[in-house]
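Hi everyone, thanks for coming. I'd like to walk you through one structure today, so have a look at it first and then we'll go through it together.

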Amino acid sequence: MTAKISLRNVSKQFTVRPGKGTAATTLTAIDSLNLDVRDGEFLTLVGPSGSGKTTLLDLLAGLSTPTSGEVLVDGQPVTGPGKDRAVVFQQYALFPWRTASANVSIGLEGKGADGRKLSRRERAAKASEYLKLVGLAGFEDRFPHELSGGMKQRVAIARSLAYEPDVLLMDEPFAALDAQTREQLQEELLRIWRATGKTIVFITHGIDEAVYLGQRVAVLSARPGRLKAIVEVEIPDRDGDEDIRSTPAFVEQRHKVWTLLHDEVRLAQDAGHRKILPDGSAPDEPATQETRERSAA
Amino acid sequence: MSATLTKTARALGTDAAEAAAAVGQGTPPPVTAKPATAALASVADAFKGAASRAGSWLWKATGILGFLALWEFGPLHLAPPSTRVFLPPLHEVLQAWGRLFESGSIQGHLAASLSRSVLGFGIAVAAGVSLGLLIAWYGRLNSVLNPLLELFRNTAALALLPVFTLLLGIGEESKVTIVAYAAFFPVLLNTIAGVKTVDPLLIRAAKSLGLNSFRLFQKVILPSAVPTIFTGIRMAGTASILVLIAAEMVGAKAGLGYLIINAQSSFLIPDMYAGILTVSLLGLGVNFLLVALERHFSRWRTAVGA
């Protein structure tokens with residue numbers, strides 16, 4: 001199989017805004033990371049908090065550019081967001097003033113790949129096609145505030161699929177859902193993946209989720225994020241009806257990932273690393289003297 | 001797989017469209033099409049609903065009715081006769097209002113006030129929204145204009161009335177200008193706030209969908225800011241009437257403010273109260289209209305059951 005996505009020596013640094021009396025410092029979120037994602041692969045990505053998972057996803061989506069190194073999709077460097085990639089966010093990011101149908105069709109409102117603009121009717125038809133795919137037929141006219149968390153995330157997934165990207169980038173999409181809904185959506189995602197053959201990069205902090213969904217699990221190190229290991233998930237008879245989470249093979253793979261991740265999580269905890277926001281700030285980071293004074297003021 | 005999906009979805013779509021068209025064409029309302037018993041039941045239900053609505057309406061009106069009763073009977077029975085001259089009971093005020101209405105003078109004053117406030121308010125909304133969008137979009141413009149705007153905003157509009165009168169005379173221009181000035185700031189500040197408080201996640205999502213800056217503005221920032229902008233517009237509506245009445249009291253030959261102050265100085269006290277009553281009703285009406293408008297544009301923001 002060919003590499004759909006290639007990360008070549010990718011580093012990303014943020015400039016942390018200077019505090020009172022301190023000069024601006026740089027924060028390295030990702031350090032010379034190399035990773036290939038195969039065409040049509042389901043790759044899950046785990047790592048401790050602050051290991052640059054979301055940063056990596058932003059780079060893949062083209063929402064930010066690497067400080068050094070290259071991000072290639074189909075051999076072409078990523079220069080910005082594109083219709084070949086779609087992002088699903090943890091907090092759904094639906095447009096609350098649009099109905100489910102209008103949310104799904106927003107990516108279709110511009111000119112398509114063939115330079116043709118879809119009519120309103122064609123867009124609506126396409127939206128209901130994809131809402132049906134995610135199990136929400138009949139919910140076209142509902143506004144996001146009328147939907148449950150799981151349903152919102154289904155709409156968000158439909159929105160990402162509607163303009164037919166090759167790659168689906170998912171940033172902890174099920175983290176805010178209850179366990180039952182999450183399990184249900186995991187199954188559906190696998191079904192959709194098999195049906196559509198998309199390449200999926202799925203970020204999670206759940207080891208179970210990573211092993212259950214991924215063909216391969218990429219483990220990132222504590223900050224600065226490097227690729228620590230890639231685990232090939234080999235579970236026989238995955239597509240069966242059996243509860244694969246309780247099979248010995250699953251438990252074994254899960255333990256493998258857990259061991260890899262465990263040291264890194266402790267490292268990250270000791271260093272007090274927290275989530276880095278998209279603008280490069282890490283507001284929960286243990287405060288230095290200056291920042292503490294500032295927040296007290 | 002995808003092809004079959006598309007087919008079924010299209011079939012579904014056309015079915016729905018046809019059904020909608022059929023409903024649209026059926027001119028008689030669906031209620032009459034029901035069997036007679038069902039229609040009777042629904043009429044009974046509607047009557048019950050109306051009765052309970054009327055009950056709650058009556059309950060809500062208690063405060064107002066109590067106040068009106070106090071206004072009517074207080075001056076007659078509680079106050080000394082000398083006060084009655086300055087505080088005529090309600091029926092005298094209503095009689096005065098009737099007389100003013102018959103002579104057409106209240107309509108004239110109302111029209112004068114309305115045309116001034118609508119014109120000033122319109123200018124303020126147009127200028128406030130467009131400048132607000134510009135300022136919010138261009139950060140540098142904001143840092144230049146913000147201190148200046150703070151200065152103007154915190155200068156009471158009425159303090160500038162003499163300036164407007166000197167520059168623009170005592171005619172319509174000065175009054176329209178001061179109304180526009182007073183209504184401008186709520187619109188401007190709420191527009192800026194509305195644009196600035198757009199959820200950054202939505203902007204990220206829109207960018208990941210490949211929207212360019214213009215489309216981002218048109219499809220995400222503007223719709224997301226609309227409810228906040230309308231809050232500003234509602235505040236501006238209240239401000240415009242407030243300032244207009246005061247301006248008309250100072251120097252005008254028509255308008256509700258002029259009616260009130262002129263009646264007072266001519267010692268036509270019931271006429272004065274008739275003017276005040278009209279101002280209250282006008283304010284209520286304007287607010288009602290703007291609240292309805294605001295609610296219409298923020299429907300998506302109200303949560304279920306709220």
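Before anything else, one definition: a residue counts as buried if 20 or more other C-beta atoms lie within 10 Å of its own, and as exposed if 12 or fewer do. And please keep in mind that this is a predicted model.

Okay, let's start with chain A and helix H3(A), residues 120-133. Is this helix enclosed or in the open? Ten of its 14 residues are buried, so H3(A) is largely enclosed by the rest of the structure. If you want to find them on your screen, the buried ones include Arg123(A), Ala124(A), Ala125(A), Tyr130(A), Leu131(A) and Leu133(A). Lys126(A) and Glu129(A) are on that buried list too.

What about the length of H3(A)? At 1.5 Å a residue, its 14 residues should span 20 Å, and the end C-alpha atoms are 20 Å apart, so expectation and model agree. Then, just after the helix, Gly135(A) takes a positive phi of about 80 degrees.

While we're on positive phi, chain A has a couple of residues to look at that aren't glycines. Asn9(A) has a positive phi of about 50 degrees, and it is not a glycine. You'll find Asn9(A) in strand S1, residues 3-16. Asn9(A) is exposed, because it has 12 other C-beta atoms within 10 Å.

Glu164(A) isn't a glycine either, and its phi is positive at about 55 degrees. Glu164(A) sits in the loop between helix H4 (149-162) and strand S7 (167-171) of chain A. With 18 other C-beta atoms within 10 Å, Glu164(A) is partly exposed.

Now over to chain B. How many helices and strands does chain B have? The count is 13 helices and zero strands, so if you read the elements from the N terminus on, you just say "alpha" again and again. Chain B has 306 residues, and 29% of them count as buried. Here's one for contacts: if you take those in chain B with a separation of 6 or more, 70% come from residues 24 or more positions apart.

Let's zoom in on H7(B), residues 139-153. This helix has 15 residues and reaches 20 Å from its first C-alpha to its last, close to the 21 Å expected at 1.5 Å a residue. Where does H7(B) bend? The bend is at Leu145(B), by about 45 degrees, and a proline, Pro147(B), follows within four residues. As for its surroundings, the number of buried residues in H7(B) is zero, so the helix lies largely in the open. Keep that picture next to H3(A), where ten of the 14 residues are buried.

The last part is about H11(B), residues 213-250, and the helices it meets. Take H12(B), residues 256-265: the axes of H11(B) and H12(B) come within 7 Å and cross at roughly 50 degrees. The two are therefore oblique to each other, and their crossing is right-handed. On the H11(B) side, the contact involves residues including Leu244(B), Ile245(B) and Met249(B), and on the H12(B) side, Leu256(B), Tyr258(B) and Ile261(B) are among them.

Next partner: H13(B), residues 269-297. Its axis comes within 9 Å of the H11(B) axis, and they cross at roughly 170 degrees. How are these two oriented to each other? They are roughly antiparallel, because the cut-off for that is an angle over 145 degrees. From H11(B), the contact residues include Val226(B), Phe230(B), Gly237(B) and Ile241(B), while H13(B) brings in, among others, Val279(B), Leu282(B), Val286(B) and Phe297(B).

And then there's H9(B), residues 172-196. The axes of H9(B) and H11(B) come within 7 Å and cross at roughly 160 degrees. That makes H9(B) roughly antiparallel to H11(B), and H9(B) passes H11(B) in a right-handed crossing.

Let me finish with one residue from each of those two helices. Glu173(B) is in H9(B), and with 13 C-beta neighbours inside 10 Å it counts as partly exposed. The C-alpha atoms of Glu173(B) and Ala112(B) are separated by 13 Å, with their positions 61 residues apart along the chain. Arg215(B) is in H11(B), and it counts as partly exposed with 15 C-beta neighbours inside 10 Å. The C-alpha of Arg215(B) is 17 Å from that of Ser130(B), which is 85 residues away along the chain.

Terms used. Residues are numbered from 1 along each chain as its sequence is written. Chains are lettered from A and ligands numbered from 1 in the order in which they are written. This is a predicted model: local features need pLDDT of at least 70, side-chain atom pairs count only at pLDDT 80 or more; totals for chains, interfaces and linings use all residues. Two residues are in contact if their C-beta atoms, placed from the backbone, lie within 7 Å. The expected span of a helix is 1.5 Å times one less than its number of residues. The bend at a residue is the angle between axes fitted to the seven residues ending there and the seven starting there. Axes are lines fitted to C-alpha atoms, for helices over the stretch in contact, and angles run from 0 to 180 degrees between N-to-C directions. Angles under 35 degrees count as roughly parallel, over 145 as roughly antiparallel, 65 to 115 as roughly perpendicular and the rest as oblique. A crossing is left-handed if the near helix is turned anticlockwise from the far one by less than a right angle, and right-handed if clockwise.
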